[in-house]
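Hello,

Here is the structure that I wanted to pass on to you. Please take a look at it first, and then read on for what was found in it.

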Amino acid sequence: MKKSRKAGFIFLAVIAVILIVLFLLGFYAEQQIKKSFDEDLSGILTYEELDVSVVNRRITLTRPEINYAENNMEASEISVDGINYYQYLVNKKIRIGIIEITDPEIILRDKEEDSATGDSESEFEEDIVVNSVEIKNGTLLKTENDTATTDMFLSLRNFRITDVSVNAEAMKKKIPFGYDTYNFEVDSLRMELNDQHNFSTGAFSGDNGNFSIDDLRIIPKYDKVEFQRHIPYEKDRFELLIKNVSLKDLSWIFENDSLRLESSLLIVNRGDLEVYRNKLIRDDPRIKTLYSEKLRNMPVKVDINEIQVKNTKIVYQEKINEDRPPGEVEFYEVDAEIQDLTNIGMGQEDFPKTKITANALFHNETPLQINWEFDISSKTDAFTISGNLEKVSEGAINSFLRPAMNVEARGGIESLYFTYSGNDDAAQGDVRIVYTDFKVNVLKDDGTEKSSFWSAVANLFISNDAVNDDVENNDLEVTRDKNKSFWNYLWLMVREGALASFI
């Protein structure tokens with residue numbers, strides 16, 4: 001009996017000693033960590049409370065605040081869990097189970113980088129691996145300074161990244177850490193796109209290369225009248241809403257200081273785009289490059305196997321006369337497919353051409369089909385484009401002609417077909433039009449009645465073939481105005497054929 005009591009006493013004594021040792025170790029570790037924070041991170045890290053649990057291998061910072069290079073982060077809590085003492089003591093490697101950051105509020109302020117790098121170029125000697133880094137309910141704000149408007153605001157629901165590794169080799173890269181998997185959910189994003197437009201999204205998420213973005217918007221800062229006071233020359237005003245954008249198998253790396261993006265599929269679903277241009281403002285004198293050249297010279301390298309545009313509406317408005325409303329061209333139910341959008345590997349012999357097929361309803365009534373192909377690697381910017389319209393009503397034609405040019409058409413176009421091949425300088429092709437009793441009424445200045453005299457003069461120049469007669473014009477040639485966009489180039493191609501048919 002006495003032996004069992006003695007053994008029990010010894011056991012309790014050992015437990016007590018262990019607890020005292022653990023308490024002392026915990027107290028010592030806490031004091032050493034506090035000392036390290038105070039000495040090494042003075043002026044950078046502050047906190048309300050520090051808790052160190054040697055037994056649980058956990059460090060917790062309550063209400064931490066980090067200030068570095070005018071950037072700031074505050075959080076409810078940062079916890080470091082699953083610290084591997086053995087790896088650090090024996091192998092000098094830092095191994096951590098989980099880092100959790102709760103309710104962080106991050107503010108990034110624009111600042112010119114100092115050319116003096118100081119100790120930043122010294123060799124990074126640590127070997128750090130964290131099994132998981134998790135952020136919950138955070139915000140990120142980017143601004144020029146405390147009094148300036150916000151350049152970007154992001155509301156984060158959660159973020160998780162696994163197997164994060166930081167070492168000397170990783171620190172030499174643009175992204176100074178390695179990782180295995182990631183996933184996140186964002187509630188919203190707002191940012192300034194340029195001086196005239198803002199950009200925003202609703203909720204979006206990412207999971208190891210698969211992304212989904214809701215309610216993507218480009219929002220003008222000004223109405224159409226005020227917008228003109230904020231541009232130095234003729235410029236498009238965009239208003240865009242896309243209900244959902246999704247990407248599959250998105251990956252990114254930095255290659256020779258350039259960002260490289262690859263994706264197997266990009267889907268744009270239920271877009272609504274309105275473009276407004278005031279032609280009364282002076283022209284932009286700069287050269288407008290074709291899309292192939294824009295893509296070829298982009299600083300970002302891209303390789304998207306396929307892009308799908310589904311159930312989208314596009315409206316283009318052009319104001320030509322101060323006293324009349326803008327002319328309008330509408331495309332409904334736009335469905336398009338783009339194959340091989342890439343500027344990677346342009347020197348290879350089998351570099352693919354970018355192919356675009358699109359279908360739409362012109363003014364919600366006339367089927368339109370476009371086939372377009374261009375070679376991004378071609379420095380001549382070679383392309384081919386063809387399209388056809390069926391049964392264009394006079395109402396659809398007049399929605400642009402009447403307000404823009406004070407002209408009214410009578411009679412519709414039964415069909416229009418065009419095909420052109422061209423480059424950055426000129427295009428050659430054919431246009432075929434079938435129409436019935438097509439006449440033009442030149443309206444009076446108030447736009448309500450026709451001017452009989454000028455209408456009669458205009459119709460002297462219009463030939464009227466029967467509906468079953470085809471008017472086909474071959475070997476047409478159009479010279480590109482390089483101060484204008486590709487869409488102006490395409491309009492010149494169609495107009496050339498129309499004029500040759502009607503006059």
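**A buried histidine, and the whole chain**

Let us start with one residue: His363 counts as buried, at 12% relative accessibility. Please keep in mind that this is a predicted model. You can find His363 in the loop between strand E21 (354–362) and E22. Its phi is near 55°, which is a positive value in a residue other than glycine. That deserves a mention because most residues other than glycine have a negative phi.

Asn208 is another residue to look at here. Phi of Asn208 is near 50°, again a positive value in a residue that is not glycine. Asn208 sits in the loop that runs between strand E13 (204–207) and strand E14 (210–220). With a relative accessible area of 38%, Asn208 is partly exposed, whereas His363 is buried.

Now for the wider view. The protein has 7 helices and 28 strands. Of its 503 residues, 37% are buried. The protein exposes about 29200 Å², and carbon and sulfur atoms supply 53% of that area. Among the contacts with a separation of 6 or more, 60% are between residues 24 or more positions apart.

**The cavity**

Is there empty space inside, and where? Rolling a probe the size of a water molecule over the atoms shows where empty space is left. A search of the whole structure finds 1 cavity of 30 Å³ or more. The volume of this largest cavity is about 60 Å³. Its lining is made by Leu290, Tyr291, Ser292, Trp372, Phe374, Asp381, Ala382, Phe383 and Phe486. Two elements, helix H4 (291–296) and strand E22 (366–374), give two or more residues to this lining. By type, the lining residues divide into 7 nonpolar, 1 polar and 1 charged.

**Aromatic pairs**

Several names from that lining return when you look at the aromatic rings. The structure as a whole holds 18 aromatic pairs. One of them joins Tyr291 and Phe486, and this pair is edge-to-face, at 6.2 Å centre to centre and with 65° between the planes. Because Tyr291 lies in helix H4 and Phe486 in helix H7 (residues 486–502), the pair ties together parts that are 195 residues apart in sequence.

Which partner of this pair is buried, and which is partly exposed? Tyr291 is partly exposed, with a relative accessible area of 33%. Phe486 is buried, at 4% relative accessibility.

Helix H7 takes part in a second pair, formed by Trp372 and Trp487. Their ring centres are 5.7 Å apart and their planes stand at 70°, so this pair is edge-to-face. Trp372 belongs to strand E22 and Trp487 to helix H7, so the pair ties together parts that are 115 residues apart in sequence. Trp372 is buried, with a relative accessible area of 10%. Trp487, at 46% relative accessibility, is partly exposed.

There is also an aromatic cluster elsewhere in the sequence. Phe177, Tyr179, Tyr182, Phe184, Phe204, Phe211 and Trp252 form one such cluster.

**Two residues and their neighbours**

To finish, here are two places to zoom in on. Lys221 lies in the loop between E14 and helix H3 (224–227). At 30% relative accessibility, Lys221 is partly exposed. What does Lys221 touch, if residues up to four places away in sequence are not counted? Its partners are Glu192, Asn194, Asp195, Gln196, His197 and Asn198. Arg237 is 16 residues apart from Lys221 along the chain, and their C-alpha atoms are separated by 9.6 Å.

The second place is Asn131, found in strand E9 (residues 128–143). Asn131 is partly exposed, with 43% relative accessibility. Apart from neighbours within four places in sequence, Asn131 is in contact with Ile96, Gly97, Ile161, Thr162 and Asp163. The C-alpha atoms of Asn131 and Ile98 are separated by 5.9 Å, with their positions 33 residues apart along the chain.

If you would like a route through the model, you could begin at the buried His363, go on to the cavity lined by residues including Trp372 and Phe486, and then follow the aromatic pair of Trp372 and Trp487 into helix H7.

Enjoy exploring, and all the best!

Technical notes. Residues are numbered from 1 along each chain as its sequence is written. This is a predicted model: local features need pLDDT of at least 70, side-chain atom pairs count only at pLDDT 80 or more; totals for chains, interfaces and linings use all residues. Side-chain values use heavy atoms; hydrogens and water are left out. On a 1 Å grid over the protein atoms alone, a cavity is a set of points where a 1.4 Å probe fits but cannot get out, and a pocket is an open set with protein on both sides within 12 Å along at least five of seven lines; lining residues have an atom within 4 Å of a point. Grid points are joined across faces, edges and corners, and a volume is the space filled by probe spheres set on the points. Helices (H or I, at least four residues) and strands (E, at least two) are DSSP runs, numbered from the N terminus. Ala, Val, Leu, Ile, Met, Phe, Trp, Tyr, Cys and Pro count as nonpolar, Asp, Glu, Lys and Arg as charged, and the others, Gly among them, as polar. Rings of Phe, Tyr and Trp (its six-membered ring) pair if their centres lie within 6.5 Å; planes under 30 degrees apart count as stacked, over 60 as edge-to-face and the rest as tilted. Buried means under 20% relative accessible area, exposed over 50%, partly exposed in between (1.4 Å probe, protein chains only). Contact means heavy atoms within 4.5 Å. Accessible areas come from the Shrake-Rupley method with a 1.4 Å probe; for residues, only the protein chains shown count as cover.
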